[in-house]
Amino acid sequence: MEIKMKIGAISKTGISKSMAIGTSFLLLSALLTSVSQVYYANRVQGVHPFLFTGVSFFFTALLFNLIALKQRKTFAQVKSSIYDFLMLNGSSVLAFMGFYYALKFIEPAIVSSLEMGVGPFFVIIVTTIMAKGKIQATKAQWLITLGTFAASLLLIATALFGLSGIRITHPEDFIYGIIASVLCGLGAVLCTIYSKRLSNSGWSSSTILAHRFYAIIIISFLMTYDNLPTYLMQNIDWIILVTIFGVTLPTFLLQKGIQHCEPFFVMMSICFIPAFTFIFQFFDPRIVWSTPTLMGVSILSILGIVSIFTENRSTQ
């Protein structure tokens, strides 16, 4: 018998309270993320896109390792979760490095829109594969997924035909940016799933965040070690600022939201990031008004709102 993709049987009151808490964490994370996206995209023009990731995620991992010192896992606990740990590190590479790479070449609102637009589709596919067909998406989830995918295609066309807030000067960079955005969406879904699995295994938010960025740090440093010292000395002030308010805090809030919500709901609720980003990106003088971008972002935001009510109703 097919099982609908719903949250487990919990009381109506408990579900509503849990989702309210989770949604609050997710929306605050989205707000902080959108501000940092625009600022980062403006600051890294002309430099390697992974110079920031290496330094920023090193500081983030160091901070959460200090916080999680009293929450050390036994060898048996770590061994039992080693697969989820490795998959989370690999997924984080796709999610964050794909994201920061795309921001260098494409309008921030479109990058975040593409990530969120393909997210629900990947959630359904990946969840079905991992559950070996025992979990099936509901009709409402499929309709929302198709809507977000259509909005993503609109945004791709907007950028391709030169109607976005940033003009395309090098077509190959645009293609790389689109691919990076899609991989970022896949990585975000896998991060949500494996973070949820570690959380269900007893890992705290701080412990998960302390150990999920090792692959990002290693790859970033290997790719930028020759330019890193000079870059760090010249940009340490804003890197620390963006690391705290644009990486560490939003990631912690997102992790807390994952604890309270299911993967599909997480991916849909953060569809609000593109809306916030669209507003904040006009503080960047490189970006001009784009009505097609606004249309695509608005569709994603509306579908995010619909998803919140749909998923909450399905759990009651």
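Which helix gives the largest share of the nonpolar patch? That one is α10, with 6 residues; the views below get to it last. This is a predicted model, where local features need pLDDT of at least 70 and side-chain atom pairs count only at pLDDT 80 or more, while totals for chains, interfaces and linings use all residues. Residues are numbered from 1 along each chain as its sequence is written, and side-chain values use heavy atoms, with hydrogens and water left out.

**View 1. Helix α2, residues 51–67.** Here are 17 residues spanning 25 Å from first C-alpha to last, close to the expected 24 Å (1.5 Å times one less than the number of residues). Helices here are DSSP runs of H or I, at least four residues, numbered from the N terminus. The buried residues of α2 include Leu51, Phe52, Val55, Phe57, Thr60 and Phe64; buried means under 20% relative accessible area, exposed over 50% and partly exposed in between, with a 1.4 Å probe and protein chains only.

**View 2. Tyr39 against Trp238.** The ring centres sit 5.9 Å apart with planes at 70°, so this pair is edge-to-face. Rings of Phe, Tyr and Trp (its six-membered ring) pair if their centres lie within 6.5 Å; planes under 30 degrees apart are stacked, over 60 edge-to-face and the rest tilted. Tyr39 belongs to α1 (residues 12–43) and Trp238 to α10 (residues 228–260), 199 residues apart. Tyr39 is partly exposed at 34%, whereas Trp238 is buried at 3%. Both rings also belong to one aromatic cluster, along with Phe52, Phe57, Phe96, Phe99, Tyr100 and Phe213. The whole structure has 14 aromatic pairs.

**View 3. Phe85 against Tyr214.** Another edge-to-face pair: the centres are 6.4 Å apart and the planes at 65°. Phe85 comes from α4 (residues 82–103) and Tyr214 from α9 (residues 214–224), with their positions 129 residues apart in the numbering. Phe85 is buried, at 19% relative accessible area, and Tyr214 is partly exposed, at 30%.

**View 4. The nonpolar surface patch.** Back to the patch: its members include Phe58, Phe59, Leu62, Ile240, Ile244 and Phe245, and together the full set has about 930 Å² of accessible area (Shrake-Rupley method, 1.4 Å probe, only the protein chains shown counting as cover for residues). Patch residues have over 30% relative accessible area and no salt bridge, and nonpolar side chains (Val, Leu, Ile, Met, Phe, Trp, Tyr) are joined within 5 Å. A salt bridge puts a Lys or Arg side-chain nitrogen within 4 Å of an Asp or Glu carboxyl oxygen. The elements giving two or more residues are α2 and α10. Ile244 lies in α10 and is partly exposed, at 42%.

Conventions: Patch = residues over 30% accessible without salt bridge, like charges linked within 9 Å, V, L, I, M, F, W, Y side chains within 5 Å.
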